[in-house]
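These entries record what I looked up in one structure, topic by topic. I began with the terms and then turned to the elements.

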Amino acid sequence: MEIRRFFVDKSMLQDGKVTLRGDEFLHMTKVLRYKVGFKAVVCLGDGVDNYCTVEEIGKDYAVLSVDESVVADKKNARLTLYAGLLKNNKLDFVIQKAVELGVDRVVPFVSANSAESKFSKERGERIALEAAKQCGSSYLSIVDDLKTIDEVLQDIKGFDKVLLAYEGERHNSLKTSSLTASNVALIVGPEGGFKLGEVDMAKKSGADVITLGRRILRAETASIVLCALTLDKLGELDYD
Ligand code: SAM
């Protein structure tokens with residue numbers, strides 16, 4: 001039987017036992033039909049896999065004993081993707097791929113050329129949870145509330161390195177960027193791209209503006225490419 005992965009808040013782990021409630025409890029018992037004695041991996045989102053055995057199943061909770069805790073994924077760098085909000089829920093795809101790649105946080109934003117203005121954080125979190133389970137991640141990526149470009153320009157001042165992808169850039173690229181930082185932010189625009197003023201403001205906030213080549217990529221393509229190339233440069237795509 002496949003050992004399935006569940007995510008709980010760290011407060012649910014006490015004295016070598018972990019309690020599942022809510023959606024994760026329902027998924028374990030109603031969907032996956034778990035019984036006492038079944039095995040599971042329970043994650044607190046900290047890079048540790050807790051190998052557990054179901055000890056008790058109540059009406060609305062399950063208690064598992066932790067048999068072994070393994071540090072499954074040590075990250076040297078943290079990556080945040082600021083992604084322009086996209087039409088037709090295309091940001092769902094960006095969130096899913098970002099989680100699979102190991103991005104720690106996805107922050108949707110609206111800017112002058114955004115054609116969409118509504119975003120459901122709960123929907124984004126559900127997609128991130130499912131993606132983390134599917135790819136066997138030991139981290140649970142954060143999906144933030146929708147921000148404005150002005151809020152993003154404030155946020156990015158707290159990062160060691162900020163890379164903004166801009167199709168108007170002709171010289172700088174990831175190849176010319178030094179990337180030894182441990183807390184990196186990436187910014188990709190919406191379908192309509194950035195206004196030049198937004199790019200200038202980002203530069204003033206410390207962003208390096210880079211090209212992703214001569215072709216105009218769809219926003220979702222640009223997000224995946226930029227995350228993958230950056231993670232690789234940070235050594236986060238090595239196995240150990
Ligand atoms: N403004 C473009 C146009 O008018 O066709 C479209 C923007 S593109 C669809 C969406 C986002 O992807 C851009 O804001 C940028 O962040 C990123 N992007 C796409 N192609 C890129 C490239 N060749 N270099 C850097 N960034 C790119």
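**Entry 1: a helix with a buried side**

I first noted that a residue counts as buried when its relative accessible area is under 20%, and as exposed when that value is over 50%. I also noted that the model is predicted.

I then looked up helix α5, which spans residues 196–204. Which of its residues are buried? I found Glu198, Val199 and Ala202 to be buried. Seen down the axis of α5, the buried residues fall within an arc of 100°, so they line one face of the helix. On the face turned away from that buried side, I found the exposed residues Leu196 and Lys204.

Next I asked which elements the buried residues of α5 pack against. They pack against α4 (149–155), β11 (161–165) and β13 (208–210). After α5 comes Gly206, and I recorded its positive phi, near 105°.

**Entry 2: the open sheet**

I traced an open sheet of 6 strands, and its order reads β1-β4-β5-β6-β3-β2. The pairing in this sheet is mixed. Why is one side of β1 and of β2 left without a neighbour in the sheet? β1 (4–7) and β2 (13–14) stand at the edges with a single partner strand each, so one side of each has no neighbour there. I then noted that helix α1 (residues 22–31) packs on the sheet. This helix touches β1, β3, β4 (39–43), β5 (48–57) and β6 (62–71), and its direction makes about 160° with that of β1.

At one edge, β2 pairs with β3 (residues 17–20) in the antiparallel sense, over 2 bridges. In this pair I located Leu13 opposite Val18 of β3.

**Entry 3: strand β4 and its partners**

I counted how much of β4 is covered: 4 of its 5 residues are buried, so the rest of the structure largely encloses it. β1 and β4 run parallel and are joined by 4 bridges. Phe6 stands opposite Val42 of β4.

β4 and β5 run antiparallel, with 5 bridges between them. These two strands form a hairpin with 4 residues between them. In the turn, I recorded a positive phi of about 85° for Gly45.

**Entry 4: two residues of β5**

I looked up Thr53, which lies in strand β5. Is Thr53 buried or exposed? Its relative accessibility is 14%, so I entered Thr53 as buried. Thr53 has Lys39 opposite it, and a polar contact of 2.7 Å joins the side chains of these two residues. Leaving aside neighbours within four places in sequence, I found Thr53 in contact with several residues, including Gly37, Phe38, Val63 and Asp67. I also compared Thr53 with Val8: they are 45 residues apart in sequence, and their C-alpha atoms are 15 Å apart in space.

The second residue was Asn50, also placed in strand β5. Its relative accessibility is 4%, and Asn50 therefore counts as buried. Which side chain does that of Asn50 meet in a polar contact? The partner is the side chain of Ser69, at 2.7 Å. Beyond four places in sequence, the contacts of Asn50 include Ala40, Val42, Leu44 and Val66.

**Entry 5: the nonpolar cores**

I wrote down one general point before this search: in soluble globular proteins, nonpolar side chains tend to be buried together.

How many residues does the largest nonpolar core hold? I found 38, and those that touch the most other members are Leu81, Ile95, Val103, Val184, Leu186 and Leu226. Among the elements that give two or more residues to this core are β7 (78–84), α2 (90–101), β8 (105–110), α3 (121–135) and α6 (219–233). Apart from this core lies another, of 18 residues, among them Tyr82, Val162, Ala185 and Ile187.

I followed Val184 further. Neighbours within four places in sequence aside, Val184 is in contact with residues including Arg78, Leu79, Phe159 and Leu234.

**Entry 6: strand β12**

I closed with β12, which is mostly covered, as 5 of its 6 residues are buried. β7 and β12 run parallel and are joined by 6 bridges. Tyr82 stands opposite Ile187 of β12. β11 and β12 also run parallel, with 4 bridges joining them. There I located Val162 opposite Ala185 of β12.

Terms used: Residues numbered from 1 in each chain as written. Predicted model: local features only at pLDDT ≥ 70, side-chain atom pairs only at ≥ 80, totals over all residues. Heavy atoms only, no water. Pairing = 2+ DSSP bridges. Contact = heavy atoms within 4.5 Å. Axes fitted to C-alpha atoms, helices over the stretch in contact; angles between N-to-C directions. Buried < 20%, exposed > 50% of the residue type's maximum accessible area, 1.4 Å probe, protein only. Polar contact = N/O pair within 3.5 Å; in protein donor to acceptor, adjacent residues only side chain to side chain. Arc of directions from axis to C-beta. Core = buried A, V, L, I, M, F, W, Y, C linked by side-chain atoms within 4.5 Å.
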